[in-house]
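Subject: Structure handover

Hello,

Here is the structure you asked to take over. My notes on what was found follow below it.

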Amino acid sequence: MADIYNREDEKAQPPTLFPAYASTVRRAPAQALIRIPQTITETSGPADCWEDLMGGAMADMTKQHAGEALGQRIIVTGRVLDENAKPVPNTVIEIWQANAAGRYVHARDDWPAPLDPNFTGVGRVISDAQGRYRYVTVRPGAYPWGNHHNAWRPAHIHLSLLGPAFATRLVTQMYFPDDPLIDLDPIANAVPMPYRDRMVSRFDISVTEPNFALGYLFDIVLRGRHATPMEP
Ligand SMILES: [Fe+2]
């Protein structure tokens, strides 16, 4: 079967090998890639049953526990779009992030920042008929990592998108405007400018809700000339 979910090869996408991002040196393929034909399992399913498989939306990550999550409450919204700026409905967006102090709920995250008993950092939303999605969370903190001396990840939210089939899965990270750490971050900088800016959300006062939360806009373009950079 011919591949029906081809990705475009363009400069906007990060390379598999980016030496400044140290773990790519060991993980990037050293030999030419072998193309594995997509099978019917990957291209046809499991359409229209993500909610059955994963459960319904988890659109408010600040209210998953008895108390309110700590930190700056934010609303993130935008559209999932195809290469012709046409809305893409029924896309499952899985969300994971550190808490406001920059700490993940994860066994391997043990740097001395506090966990928040009222914040797990995991959410899930599905784009509507207009391709729109929206979720409420807290702004994640920056966190240190071992890539190089004094390395800190800029504040970011991880996103995984799933369309009608497993072969459509795309993974990216959303950053925040005016974060000085973006310029220093080898993961963000694996994508050259101006493409890197496509991973940076935009503050929007009309998304912001009075006395509740700051609002950020982030459209996700799946492919084409305006494609959002996705992790290889
Ligand atoms: Fe992260």
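**Salt bridges**

The count of salt bridges in this chain comes to nine. Please keep in mind that this is a predicted model.

Two of the salt bridges come with a clear note on where the partners sit along the chain. Glutamate 83 pairs with arginine 223, with 3.0 Å between the closest N and O atoms. These residues are 140 apart: glutamate 83 belongs to the loop between β1 and β2, and arginine 223 to the segment after β11 (220-221). Glutamate 83 is partly exposed at 34% relative accessibility, and arginine 223 is partly exposed at 32%.

The other is between the side chains of arginine 134 and glutamate 209, at 2.8 Å from N to O. Arginine 134 is in strand β4 and glutamate 209 in the loop between β9 (202-203) and β10 (214-217), so this salt bridge ties together parts that are 75 residues apart in sequence. Relative accessibility is 38% for arginine 134, which counts as partly exposed, and 33% for glutamate 209, also partly exposed.

There is also a network of salt bridges, which links Asp60, Lys63, Glu68 and Arg73. Within it, the side chains of glutamate 68 and arginine 73 meet at 3.5 Å, N to O. Glutamate 68 is partly exposed at 38% relative accessibility, and arginine 73 is partly exposed at 22%.

**Iron site**

Which residues coordinate the iron ion? The donors are the OH atoms of Tyr104 and Tyr143 and the NE2 atoms of His156 and His158, at 1.9 to 2.1 Å. Their spacing in sequence is Y-x38-Y-x12-H-x1-H. The angles among the four donor atoms run from 92 to 157°, and the site is irregular. A tetrahedral assignment would need all angles to lie between 85 and 135 degrees, so the upper value of 157° rules it out.

Both histidines are buried: the relative accessible area of histidine 156 is 2%, and histidine 158 has 11% relative accessibility.

Aspartate 109 contacts one of the donor residues. Leaving out residues up to four places away in sequence, aspartate 109 touches Gly102, Arg103 and Tyr104. A polar atom of the aspartate 109 side chain lies 2.6 Å from the backbone nitrogen of tyrosine 104. Aspartate 109 sits in the loop between β2 and β3 (122-126) and is buried at 12% relative accessibility.

**Nonpolar cores**

In soluble globular proteins, nonpolar side chains tend to be buried together. Here the largest nonpolar core has 25 residues, and those with the most contacts inside it are Ile93, Tyr133, Tyr135, Ile157, Leu159 and Ile220. At least two residues of this core come from each of β1 (73-81), β2 (92-96), β4 (132-138), β7 (156-162) and β8 (170-175).

What does leucine 159 touch, not counting residues up to four places away in sequence? Its contacts are Ile93, Glu94, Ile95, Trp96, Tyr135, Leu170, Val171, Thr172, Met174, Phe218 and Ile220.

A second core, separate from the largest one, has nine residues, among them Ala12, Tyr21, Tyr175 and Val191.

Tyrosine 21 also has a side-chain polar contact with arginine 27, at 3.0 Å. Arginine 27 is in helix α1 (residues 23-27) and is exposed, with a relative accessible area of 52%. The C-alpha atom of arginine 27 is 8.1 Å from that of threonine 16, eleven residues away along the chain.

**Backbone points to check**

Most residues other than glycine have a negative phi, and most peptide bonds are trans. The following depart from that pattern.

- The peptide bond from glycine 45 to proline 46 is cis, with omega near -5°; proline 46 is in the loop between α2 (40-44) and α3 (50-54).
- Methionine 193 and proline 194 are joined by a cis peptide bond with omega about 5°; proline 194 is in the loop between α4 (186-189) and β9.
- Alanine 85 has a positive phi, near 60°. Alanine 85 lies in the loop between β1 and β2 and is exposed at 52% relative accessible area.
- Asparagine 150 also has a positive phi, near 60°. Asparagine 150 lies in the loop between β5 (143-144) and β6 (152-153) and is exposed at 58% relative accessibility.

Regards

Notes. Residues numbered from 1 in each chain as written. Predicted model: local features only at pLDDT ≥ 70, side-chain atom pairs only at ≥ 80, totals over all residues. Heavy atoms only, no water. Core = buried A, V, L, I, M, F, W, Y, C linked by side-chain atoms within 4.5 Å. Buried < 20%, exposed > 50% of the residue type's maximum accessible area, 1.4 Å probe, protein only. Helix = DSSP H or I, 4+ residues; strand = E, 2+ residues; numbered from the N terminus. Contact = heavy atoms within 4.5 Å. Donors = N, O, S within 2.8 Å, 3.2 Å for Na, K, Ca; no water. Tetrahedral: all angles 85-135°; square planar, octahedral: opposite > 155°, others 65-115°. Salt bridge = Lys/Arg side-chain N within 4 Å of Asp/Glu carboxyl O. Polar contact = N/O pair within 3.5 Å; in protein donor to acceptor, adjacent residues only side chain to side chain.
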